Amino acid sequence: MMDSHFLDEARDLPSKVHASQAGKSGMTPMERVVAWSVFRTRAEAENLVAHVHLAPGQHLVGGHGQDSVAPFWWVGVQVSNLGEWGHSAAINKRGRHGD
């Protein structure tokens, strides 16, 4: 099973906001995160971690936070080189900033 220690870290969700627009929107993009899912329980996030298969140059990132409704945990895939991964418009997200 993959290590899920990153879920202990308080971290904002990734954003599709382009770096050039980050200051204007108040949001900052998380560099090279190409897919993420958001959960209301840590157990749900850990379940995803247990079932992720990564390709070379990919690793899991994530964390936890709280929105106006309740706490959340998120799990994402970060790639070492976005250019090799594919087009940034193909970024896949599920959850608070991207249902």
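Leaving out residues up to four places away in sequence, Val79 touches Arg32, Val34, Gly57, Gln58 and Trp85. This residue is a useful point of entry into what is a predicted model, and its place in the chain is strand E3, which covers residues 71-79. Val79 has a relative accessibility of 2%, and because buried means under 20%, Val79 counts as buried. A further distance helps to locate the residue: the C-alpha atoms of Val79 and Pro56 lie 8.8 Å apart in space, although 23 residues separate the two in sequence.

From strand E3 one can step back to the protein as a whole, which contains 3 helices and 4 strands, arranged along the sequence in the pattern α-β-α-β-β-α-β. Of the contacts in the protein that join residues at least 6 apart in sequence, 66% are between residues at least 24 apart. The protein has 99 residues, and buried residues make up 34% of them, while its accessible surface comes to about 6,100 Å², with carbon and sulfur atoms accounting for 51% of that area.

A second residue, Ser4, takes the reader to the beginning of the chain, where Ser4 is placed in the segment before helix H1, the helix of residues 22-25. Ser4 counts as buried because its relative accessibility is 11%, a value to be read against the cut-off of under 20%. When neighbours within four places in sequence are set aside, Ser4 is in contact with Arg42, Glu46 and Val49.

How values were computed: Residues numbered from 1 in each chain as written. Predicted model: local features only at pLDDT ≥ 70, side-chain atom pairs only at ≥ 80, totals over all residues. Heavy atoms only, no water. Helix = DSSP H or I, 4+ residues; strand = E, 2+ residues; numbered from the N terminus. Buried < 20%, exposed > 50% of the residue type's maximum accessible area, 1.4 Å probe, protein only. Contact = heavy atoms within 4.5 Å. Areas by Shrake-Rupley, 256 points an atom, 1.4 Å probe, with all protein chains shown as cover.
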